[in-house]
Amino acid sequence: MEKINLKGLLLPELQQVMLDSGEKKFRAQQVYSWIYKSGLTSFDQMTDLPVGSRSHFSEIFRISSLKEVFRAESMDGTTKFLWELEDGNKIESVLIPDDKRLTACVSSQVGCALGCTFCATGKMGLTRNLSAGEIYDQVLQMNQWALAKRGQSITNIVFMGMGEPMMNLDNVVKSVKLISDATGVAISQRRITISTAGVAHKIKELADLGLNAKLAVSLHSAVSAKRNTIMPINKGTDLAELVKAIQYYTRSTGQRVTYEYVLFNQFNDNPEDAEALVKICRMAPSKVNIILFNPVAGAEFQRVTNDRLNHFVQYLADRHITVMVRQSRGQDIDAACGQLATKKQKAESAIQ
Ligand code: SAH
Ligand code: SF4
């Protein structure tokens, strides 16, 4: 019989599994704490369990764990982790220190099916969804590393690593519950941001779940015909439908949405692009995060010039749109936005 993997189970699920295996329900809380707070993967070390239960659990349960295969630290302190999953697939996560904050950028899928033309993950295609346990483990292991190496815990989570969270919403939501639970890394939902390329019906579904997590939408162009050429998802869900879903989200949650906007030189940085963006921003409570393009192999864009960046930002600010320019972090180790892809590492390890 295959052992049941406990990592990824919420407390009520763990309680049920305990009861089904003839154990007492209250053991679940003890095991839950060892898994999600202490990060144990072996029942032998669970010292508050009777020795009999420890060996019983070892026979019928297991606790999966990501294997760190590579870690790189940028000049700016940003640290990238490459993990191997149990089936041999690889994913990446990034830790970004910034003042008092320590943000963990986590992956939700191996690759991504949405194929945005400017994104390294998009070029990989989709291999599979991550489980809630695999998502949680990125946070848990990076948190333990950060505590040991920097004396600091993770303060914020962004689902901006590999993958499209909305295409794996059930597991993403489950991982948000695990991450924000009082037992574990205990990071409040208000400090967790889910970023999406704009899967409209899933944005509505998320709104109905009553979480407190924040929503970011990768817009990159407010001109539908232009957006079509860089984000294939826009052909299926036009901008009007996306805006309706966002309005539904902001109304039901009382939160505003953040629009992510990567500026590509002489593509989406003209006055008419800024004007279209302002119009969309006025349709729902929102703010804009400008991201600078990080070059990836095979993408035909260039980073915006300082002059054009300043004009674009000023245009928005003059019209009372809240706008921030996000500093690009970890570029020297290919850890910046949109640069996560594991093909290269796979090829390298195949050679070794
Ligand atoms: N799939 C989700 C989350 C992962 S991508 C999404 O698309 O929102 C996280 C952010 O990085 C998105 O805003 C994405 O558009 C942006 N991004 C992708 N490629 C990039 C690149 N080459 N340079 C800068 N940002 C990029
Ligand atoms: Fe997928 Fe987001 Fe990259 Fe688009 S930008 S390919 S949705 S990960």
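## Two domains and one aspartate: worked exercises

The protein splits into domain 1 (4-62) and domain 2 (67-351), with bounds from an automatic or database domain assignment. This is a predicted model, where local features need pLDDT of at least 70 and side-chain atom pairs count only at pLDDT 80 or more, while totals for chains, interfaces and linings use all residues. Residues are numbered from 1 along each chain as its sequence is written, and side-chain values use heavy atoms, leaving out hydrogens and water.

**Exercise 1.** Work out how much area domain 1 and domain 2 bury between them.

*Solution.* Start with the centres: over C-alpha atoms, 34 Å separate those of domain 1 and domain 2. Each of the two brings 14 residues to the contact (heavy atoms within 4.5 Å). Together they bury about 1100 Å², 57% of it on carbon and sulfur atoms; buried area is the accessible area (1.4 Å probe) lost on being put together, summed over both parts.

**Exercise 2.** Find the salt bridges across this interface.

*Solution.* Look for a side-chain nitrogen of Lys or Arg within 4 Å of a carboxyl oxygen of Asp or Glu. The rule finds three between domain 1 and domain 2. Separately, try Lys 174 and Glu 13: their side chains form a salt bridge at 3.1 Å, N to O.

**Exercise 3.** Is Asp 238 buried or exposed?

*Solution.* Check the cut-offs: buried is under 20% relative accessible area, exposed over 50%, partly exposed in between (1.4 Å probe, protein chains only). Asp 238 has 39% relative accessibility, so it counts as partly exposed. Now measure across the model: the C-alpha atoms of Asp 238 and Leu 9 lie 36 Å apart, with their positions 229 residues apart along the chain.

Key. Chains lettered and ligands numbered in written order. Buried area = accessible area lost by both parts, 1.4 Å probe.
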